[in-house]
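Dear colleague,

Please find below the structure that I am handing over to you. My notes on what was found in it follow directly after.

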Amino acid sequence: MEQDCQVGKPMPEAPSDPNLTSPDNHHDVTANGREEVGSAKENRGDSTHRDQSSAQEKPVMKTEVQTSSTKLCGYLNKLGGPLKAWKARWFVFEERKCQLYYYRTSQDANPLGSIDLANATFGYPAQAQEGTFQIQIPGRVVVLKALNSQAMLYWLQQLQMKRWQHNTSQVKIPAEPSTTFTQPCQLPSAPREERTEDFFPAVKTPKGLVGEAAACLPDPWQQNALQKLSLKHPITEIQNTVLNICGNKSAQELRRSVFNFDEIQQPQDSPCEDPVTQMLGETTALPVPLTPPAPTVLSAPSVFSVTNEPAQEAKTEGKNSPSSSMNKREKKMTSSLQLSGEKVSGKEGSPMDKLSRLQQEVFTLTEELKSQKELVRLLHKALEAAQQEKRTSKQFLAAAGEQERLELVRHKERCIADLVGRLEALLKDKKELEQSLAMQDCQVNELQQHVQLLMEKNNAKQEVILKLSEQVASCMADPQRTVSNTMSTETFCRLQEKIEHLEDDIEAHKIQNKFLNSEIYQLTKLWRNSSEEEKGLLLKCAYLEAKNCQIESKYLIVLRRLQESKGLDSSQQEMVKRLIEDALQGDKKDVFKLNPVSDYDDYGFKTIPDYEVEDVKLLAKIQALEIRSNNLRNNEMVDKPLRTRWANYLGSCPFGKLAPSPELKGLIRCGIPVEYREQVWRWIVRTRTQVYRKRNPNRYQELMKHCEMSEHPASRQIRLDLHRTLTGNKHFSSPNSDAVQKLQRILLAFSWQNPTIGYCQGLNRLAAIALLVLKDEEDAFWGLVAVVEIIMPQDYYSKTLTASQADQRVFRDFLAEKMPRLMAHFKEHSIDHSLITFSWFLVVFVESLASDILLRVWDAFLYEGTKVIFRYALALFKYNEEDILKIHDNLEIYQYLRFFTKTISDGRKLMNIAFNDMNPFPMKLLKNRREFHMERLTAELKELERIQEEFVKEQEVMERKDKDLDTFVSEDEEVIQTAVSLHHTP
């Protein structure tokens, strides 16, 4: 038997050949030996070419060694099996899949398993055995051991480099879409070369332990075949054994019975059929190797003596050989063996070298023969069991009577009952093992506590070591005096040995630290690359989904226009109606979305409004799609950068205290993120009401006691308005909810806080918004005080609403200046916009805008004041100016103005119009116009009061005259009645 020298293991699968199989799926494959060897050479050539090209194209870390000609393969010990024992395995790295295959020996064709290195991490414990390292992959940890530390570090560094090359070659950057967003969609670029520090120096290649040379040598631990046997992969073991036997034995040896151990060394003259050959012919359970093992490198005489005889026997006894393909394989092996032998003999002319090499080969062949005998013994036992089963079946079939067959069946039943009993016993053992496992878990917990105590003791011992180190240092300074005075020479030598061991441990920890730094740095770079790739894919998905929403929205708008069109016949109208119904029912399908829109936002508002009118449901669907599209567009490009700016700004504030500044003003105009809105609103409210709070810190508690003692006249009106407050918000949907009760207490407290106003319709909505954001009842009360008494002008919520009416006249002036065409359109059709805008100003757009846009308006309103209301009111008309100008019917214009604010979904566009397109908008001009219109309105009210007083006086004079006339009429009636009575008297 010859020792095969298989340098590069044939990979079980190649992308270009569908007939090849993976190492996990063992199928039968028959192919010509010459074609397989050629394809294996081509694959090795292609992989070498790819490695060289990838090394030139892909950026490589500075700490990585350059790809050498040495193939990454060699023997390593692997910890595994039921007994958790070390077993020598031949490891080969495969470039395409970035996997590390392992075999029992270097001559095997089928691997026992593989390790995926694409997502693996590497490390080694400093206190473990020399050469031990770990490969951690998802789901398990593979523990390996090299012969020495140098080989271990070489394997770790090479595996790091292979993983880096594979992951960088797999990065695929998505194409940047032709975005129509307000800001360009920035996708991550391809990985670029970065200059890194030298964390871990290059390790030299250990000679004789890795690469092609290691394949011709036995494993360094000299394990026998039984120690290497894999109990988890018996089929693969049998396949590799049969393939090695078929590939190494001659045709004469194939005709011998491999189960006769006494006759293996002596050939027989009479040919007999080989049971292994018979097994190969009868069953397909054992696969043929993909490529024949490469022959060992021998000298020229030994080559001819080994190979010529099988070739002649193959010619003369072709019928007894396994197959014609096996003969071709034998010829190919013979020719390749002769060429390799001639090359080696030509290069190595020293007889001593030849002798030592042949002795090594003899030793290797002897060990291999032992392993083959052991495996053949196992096969013999399996064959005996199969023959016994076969004889039993023959007896059952050959039985003459039914009684004999029944006895055989009963015998089998007894066997089955015996097996069932064994199974029950095993189940009982399993339960006992589970109980023992639970007890061991308790013991493990105790051991962990014990380990903690040992660690504390270790820290104490380290302190003692430091003290002893100081003593040793003094000893080194003056050995004679210190030794004679403090300790004996034996103790001093023992301390010196301890110091040497500690120095070795320190050096080992330094090397481990360098490797771990290199591993962490490389994993960090890989994580960043994958994060950038994921971010780009998410951006692309968001863009595509937003574009899909836009297209669907346009489709629904076309359907709505077709529905309103009068030029369609009945069949077309019916088709349009069906399409609209399908579109309205589209959301009921369970479709995965990247960022699904919830029915309610963070504050309980409905994201999609409910319309009771059937014809308006299509508009609700269009609005929902526009909201979805805007959310997807703004999430990555606007909202995330805005959150980052807010986080940086709040982090830079000392102790989280805010201060008015232009930067804060710009951030608030863009909108406050949900996670920071409560904090910023509370600061604004407390800043505006700090004078009130300092004057009476417990003001709210006092007002609550006052409410309990006496009832305010406006309490009845407050209770009536509670159920009409924010009907679209889930927190106020139930009359018994906590939010409704808190709102009632806030409004009652404010009615006692400001008796001049008491309660005005609209205050319930202002207080509800403050309560939703600030959450605290007292803070919401002070928020209502800040809006009504500080931010808004005086008499804004009084009984006459004087300031509110003045603001409507000021707004009319600004509307005529900023949008003269729209104002002329209103005058032409006799439209009084104050019928619509009065409620905007009174409740600051509550229930007029979508919740996210409303809260952004309130962010700027609380910080800057009432000027924000004018800006956004003008922006709303500017946003839909062209649509309003297209309507020429008075009633339709009023209907559109009552509805159009709820259809606005692009808050960013509205903000840009309010704070950019409406400039200049000086506060001084606003104050002057307010004063002017307040004076005129006050004069008008006084004139109206004078007219009312004159009317009252005239009414009183008329009432007196009417009373005199009534008196005169009553006296005349009495005279007439007296005369009539006298006339009738006889």
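Glycine 139 adopts a positive phi near 110° in the hairpin formed by E6 and E7, where two residues lie between the strands. Please bear in mind throughout that this is a predicted model.

The strands of that hairpin, E6 (residues 132-137) and E7 (residues 140-145), are antiparallel and are paired through six bridges. One of the pairs can be located by its residues: phenylalanine 133 has leucine 144, in E7, as its bridge partner. E6 also pairs with E5 (residues 121-123), again in the antiparallel sense, here through three bridges. In this pairing, threonine 121 is found opposite glutamine 136 of E6.

A further set of strands lies earlier in the sequence. E1 (residues 73-80) and E2 run antiparallel and are joined by eight bridges. Glycine 80 is matched with alanine 85 of E2 as its bridge partner. Four residues separate the two strands in this hairpin, and glycine 81 has a positive phi near 85° there.

E2 is also paired with E3 (residues 99-103), by five bridges and in the antiparallel sense. Glutamate 94 faces glutamine 99 of E3 across this pairing. The hairpin of E2 and E3 likewise has four residues between its strands, and the residue with a positive phi in the turn is cysteine 98, at about 55°.

How many of the ten residues of E2 are buried? Eight of them are, so this strand (residues 85-94) is largely enclosed by the rest of the structure. The cut-off behind this statement is a relative accessible area under 20%.

Two further sites, both in helices, may be of interest to you.

The first concerns isoleucine 668, which belongs to helix H16 (residues 662-670). Its relative accessible area is 0%, and the residue is therefore classed as buried. Tryptophan 646 is 22 residues away from isoleucine 668 along the chain, and the C-alpha atoms of the two are 9.4 Å apart.

The second is on the surface, where a patch of negative charge is made up of Glu497, Glu500, Glu503, Asp504, Asp505 and Glu507. Of these residues, aspartate 504 can be placed in helix H13, which spans residues 489-564.

I would be glad to hear your views once you have looked through the structure.

With kind regards

Terms used: Residues are numbered from 1 along each chain as its sequence is written. This is a predicted model: local features need pLDDT of at least 70, side-chain atom pairs count only at pLDDT 80 or more; totals for chains, interfaces and linings use all residues. Side-chain values use heavy atoms; hydrogens and water are left out. Patches are made of residues with over 30% relative accessible area and no salt bridge: like charges are joined within 9 Å, nonpolar side chains (Val, Leu, Ile, Met, Phe, Trp, Tyr) within 5 Å. Accessible areas come from the Shrake-Rupley method with a 1.4 Å probe; for residues, only the protein chains shown count as cover. A salt bridge is a side-chain nitrogen of Lys or Arg within 4 Å of a carboxyl oxygen of Asp or Glu. Lys and Arg count as positive and Asp and Glu as negative; His and the chain ends are not counted. The place of a charge is taken as NZ of Lys, CZ of Arg, CG of Asp or CD of Glu. Buried means under 20% relative accessible area, exposed over 50%, partly exposed in between (1.4 Å probe, protein chains only). Two strands pair if DSSP finds at least two bridges between them.
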